[in-house]
Every structure is written in structure tokens, then in C-alpha cells.
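User: Please go through the labels attached to this model. For each one, I would like the value set against the definition before a conclusion is drawn.

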Amino acid sequence: MEFIKSIFDYISGLGNYVVIPIMITIVGLIVRLKFSKALKAGVTVGIGLIGLDMILNLLWTYVSPVANIFVEKFNLNLNTVDIGWSAAAGLAFSTTVGSFIIPFIILVNIILLMLKLTRTINIDIWNYWHYAFSGAVVYTLTGNLICAFVASAAHCAIALMIADYTAKTVQDALGVPGISIPQGYAVTTVPIYKALDKVYDLVLPKKADKEADNSGLMNRFGFLKTLAEPLFLGLIIGILLGILAGYDLKNCLTVGMAMAALMHLLPRMIKVIMEGLYPISEQTREFMQSRFHGEEFYIGMDSAILLGLPTTMSVALLLIPITLVLAMVLPINTTLPLGDLASTAYFISMATPIHKNSFGRTLISGTIMMGIVLCVASFFAPMITQFAATGALAIPEGAVQVTALSAGNLIGFILYQLSKFRLLGSAIIVVLTGGIIYFFKKLAKKES
């Protein structure tokens with residue numbers, strides 16, 4: 001058992017740079033792509049992921065100090081510290097459930113594919129930690145591994161259903177066929193963003209929210225069209241963040257240039273990832289269609305591939321001070337946003353395609369979402385602190401508890417609440433998941 005656990009620990013420890021290219025290559029070989037082409041596709045995606053992380057480091061390098069200054073300015077004396085997604089993922093994988101989550105989720109995915117209940121092949125192995133986390137908090141509550149793995153399987157199944165449902169939306173946004181987003185956090189936001197989009201349709205004037213209606217104004221004032229370009233948006237927002245932090249002119253311009261580089265280079269790295277994915281997605285689609293009577297299948301990817309959309313990054317930068325204000329004013333929040341504060345783009349990655357690049361809608365939805373995230377992250381703080389103590393992770397000075405904003409998803413919260421009924425709760429989860437599968441299959445059929 002220890003030997004098996006060490007193998008899966010090793011695999012999960014490889015990280016996205018290694019695991020995803022290997023998985024891409026394996027999928028390519030399975031669907032009869034030549035080895036050279038499969039390997040090139042895998043390595044190209046890996047290069048894109050490395051480039052993506054290098055560029056996102058601009059965000060963490062230049063914006064994290066700004067965020068820390070905001071924390072001091074707002075005088076946020078909160079006793080739960082956000083340790084960030086990477087630490088949370090490590091803790092989730094280190095639990096009993098997390099040790100076996102990789103083969104377990106692969107098995108669940110295969111079963112659902114064989115039963116024709118999903119079209120997504122989820123190769124985003126590193127982000128299986130979200131499913132591990134849901135199972136781990138249920139295990140902490142119940143002490144029952146059956147309940148824990150039922151919760152993990154339910155989270156995975158729901159994620160795959162939502163990935164199928166939003167696949168066309170994602171593909172239209174990126175211009176690449178055959179992909180979907182089953183990432184454990186991103187799918188949580190979809191029902192909320194979809195519901196908010198319906199509300200906006202009812203509440204907002206028809207013309208006021210259409211980008212096309214701004215075209216006349218943009219054409220009349222050419223400089224506005226120039227400033228609306230991602231490069232200049234990054235420059236302006238970066239300078240504004242520097243001013244709010246109290247920086248001098250040099251540092252304001254430095255942050256501005258870093259954010260301009262982020263906005264300009266990020267879409268290019270996404271294109272590199274897409275370049276690698278395209279032959280795999282095309283070959284997979286042909287391979288699966290020939291064997292499953294023309295049905296379409298998708299390659300499940302990390303929500304990071306959506307970060308190249310300019311609206312996402314523009315809103316994400318504005319959400320940093322907004323999140324800090326929310327942390328200060330929400331009465332049930334105990335979380336001090338730190339580790340995941342520079343990663344706000346991930347929390348709204350699905351909002352941009354759902355809202356069809358509407359800046360206003362994405363900003364409002366993002367603000368609502370960050371409020372929910374803070375509250376749920378605060379709720380899970382005792383369990384994450386317990387994982388940290390078990391995993392020998394040092395609790396930051398001045399903090400009573402630790403948590404992660406990325407752990408603040410509603411699916412995990414609902415699964416935890418239902419699991420309070422132990423085996424009865426697991427039975428309810430199974431029935432509820434079956435209902436969700438039926439609902440999304442019917443909805444997808446209706447929309448198609």
C-alpha cells in the first residue's frame with residue numbers, strides 16, 4: 001500500500017509541466033496519432049504552460065507587494081490567512097483520499113465515458129486536487145472512506161457534466177474545437193454566472209450592455225479605441241494600482257509596464273498551448289466519432305487556457321482591491337486574502353466566455369463570486385488548518401487558522417453539508433448527482 005501511495009505521490013508531485021505533456025502524448029498515441037506528432041503536441045503544450053507561468057509570475061511579482069500594501073492600508077486584522085492554491089493542492093494530495101485520487105478519478109472518468117454520460121476526457125491531472133479536497137473534508141467529518149470517495153466521485157461527475165455543457169462556449173471563446181474545462185473550481189462558478197447572465201438580460205437595457213453599441217463612440221474618439229487595447233489597459237490599470245499603493249512615479253510606471261507585458265504576452269502563450277492541443281483534439285474527435293457513432297468528445301483542460309482573454313485579466317486586476325474591501329466588510333468572513341489574491345483571474349475564467357466578453361457583466365459577477373469565495377474559504381478554514389497541522393505546514397505568524405481562496409467552491413461546500421448525514425448523505429449525493437447528470441444531458445440536448 002505504501003509503495004502504491006508513493007507512486008501516486010510521485011506522479012502528483014511532477015506538476016503540470018511534466019504530467020500534462022505526458023498525458024497529451026499518451027492520448028495522442030491512443031487515438032492513433034504518430035509518435036512524433038503526439039510527442040510534439042505534448043511538448044508544445046508543456047512549453048505553453050511554462051511560458052504561461054513565467055508571464056503570470058509578472059502578476060505575482062509586481063501585484064503581490066501592492067496587495068500587501070493594500071492589506072496594511074485597509075488595516076485588515078483577520079485571523080485566517082489565505083495560503084494560496086499551491087499549498088492547498090499539496091495538502092489535498094497529502095491526505096488519505098488524495099493519495100489515491102489520481103487512479104480513482106481516471107476510473108470514474110472512464111466509466112462515465114463508457115456509459116456515454118460524458119464526452120470529456122479529463123487529462124488535467126494536477127487539478128484533481130479539487131476532487132481530493134472535497135473527499136478529504138468529508139473524510140474529516142465522517143471518518144468514512146466510502147463517504148469520502150463518493151463525494152470525490154460526485155464532484156468529478158458534476159465537473160464533467162458542466163464541462164460538456166460549456167464546451168461550445170469555451171471553444172467559441174478560444175477558437176479551438178474539441179476542448180472543455182472540467183477544472184474542479186471553474187465548473188463551480190458556471191451555474192452562478194449563467195444565472196447572473198439571465199438576470200442581466202432582464203435588468204440591463206438591451207443596448208446598454210452590447211459591445212457593438214460602443215463602436216460608434218470608439219470610432220468617433222480614436223484614442224478611446226487605442227486605450228481599449230489589452231496592452232494599454234494593462235498599462236493604465238497597473239499605474240492605477242501603483243498610485244493606490246502609494247508608489248512613486250518610477251514604481252508606478254514599473255507596475256504599469258509589467259501589467260502591459262502581461263496583457264500583451266499572455267494571449268501569445270495561450271496560442272502556443274492551443275497549437276499543441278489542436279492536432280490532438282482533431283485526432284481524438286475523429287477517433288472517438290468513428291467508434292461511437294459520430295459522437296463528439298472533448299479534451300478536458302485547465303481553466304488557465306482562458307486567461308488569455310483580455311477582459312478576464314482586466315477585470316482580475318480590478319478585483320484585487322475589490323476583494324480586499326469585501327474581506328473587510330463581509331460580516332461572516334475571517335479570511336485575509338494573500339496567497340490567492342494575485343490569482344483572481346482563475347475565479348472569473350468562466351465568466352468572460354459566458355458573458356461574451358462583457359467587461360461590466362464580468363466585473364459585477366466577479367465581485368459577487370469573490371464574496372462567495374471568501375465566505376466558503378472561511379468556512380473550510382478549520383479543516384484546512386487540520387490538514388496543515390497533519391502535513392507539518394507552518395501556520396503564518398499572527399494567524400489562528402489557514403485556508404485558501406481556491407478551496408472556496410460551492411460544490412465542496414454542498415457535498416460537505418450533505419455528508420453530515422453519513423451514509424444516508426452519500427446516498428443523497430449519488431441520487432442528486434444522477435439528477436444533475438440527467439439535467440445537464442437534457443439541457444445540452446435541448447440547446448443543440
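User: Which residues does Met274 touch, if those up to four places away in sequence are not counted?

Analyst: Met274 touches Leu174, Val176, Ile179 and Ile305. Each is called a contact because heavy atoms lie within 4.5 Å. This is a predicted model, in which local features need pLDDT of at least 70 and side-chain atom pairs count only at pLDDT 80 or more, while totals for chains, interfaces and linings use all residues. Residues are numbered from 1 along each chain as its sequence is written, and side-chain values use heavy atoms, with hydrogens and water left out.

User: What makes a group of residues a nonpolar core, and which residues have the most contacts inside the largest one?

Analyst: The term requires buried Ala, Val, Leu, Ile, Met, Phe, Trp, Tyr and Cys residues joined through side-chain atoms within 4.5 Å. The largest such core has 137 residues, and those with the most contacts inside it are Ile101, Phe133, Ile273, Met274 and Met350. Helix α8 (residues 145–174) gives the most to this core, with 17 residues. In soluble globular proteins, nonpolar side chains tend to be buried together.

User: Why is Gly300 called buried?

Analyst: Buried means under 20% relative accessible area, exposed over 50%, and partly exposed in between (1.4 Å probe, protein chains only). Gly300 has 0% relative accessibility, so it counts as buried. Gly300 is placed in strand β4 (residues 298–300), where a strand is a DSSP run of E with at least two residues and a helix one of H or I with at least four, both numbered from the N terminus. Beyond four places in sequence, Gly300 is in contact with Thr120, Ile121, Asn122, Ile123, Asp124, Ser180 and Pro182. Ser180 is 120 residues away in sequence, yet 4.9 Å away in space, C-alpha to C-alpha. Over the whole protein chain, buried residues make up 53% of the 448 residues.

User: How do you know that Asp197 and Arg361 form a salt bridge?

Analyst: The rule asks for a side-chain nitrogen of Lys or Arg within 4 Å of a carboxyl oxygen of Asp or Glu. The N to O distance for Asp197 and Arg361 is 2.8 Å, and their side chains therefore meet the rule. This pair links distant parts of the chain, with Asp197 in helix α9 (residues 186–203) and Arg361 in helix α17 (residues 359–390), 164 residues apart. Both partners are buried, Asp197 at a relative accessible area of 14% and Arg361 at 8%.

User: What makes Asp197, Asp201 and Arg361 one network?

Analyst: Arg361 also meets Asp201 in a salt bridge, at 3.0 Å from N to O. That pair again links helix α17 with helix α9, across 160 residues. The three residues are one network through salt bridges that share partners. By the rule above, the count comes to two salt bridges. Asp201 is called partly exposed, because its relative accessible area is 41%.

User: What makes a set of surface residues a nonpolar patch, and which residues form the one here?

Analyst: Patch residues have over 30% relative accessible area and no salt bridge; like charges are joined within 9 Å, and nonpolar side chains (Val, Leu, Ile, Met, Phe, Trp, Tyr) within 5 Å. Tyr17, Val18, Ile22, Ile26, Ile30, Ile50 and Met54 form the patch, with about 610 Å² of accessible area together, by the Shrake-Rupley method with a 1.4 Å probe, only the protein chains shown counting as cover for residues. Helices α2 (16–30) and α3 (35–74) each supply at least two of its residues, and α2 gives the most, with five. Ile22 lies in helix α2 and is partly exposed at 42%, whereas Met54, in helix α3, counts as exposed at 56%.

User: Where is the predictor's confidence lowest among the elements?

Analyst: On the pLDDT scale, which gives confidence in each residue from 0 to 100, helix α10 (residues 215–220) has the lowest mean among the elements, 47, and helix α16 (residues 351–354) the highest, 95. Over residues 210–218 the pLDDT stays under 50. Where pLDDT is low, the predicted coordinates should not be read in detail. The protein chain has a mean pLDDT of 83, and 87% of its residues reach 70 or more.
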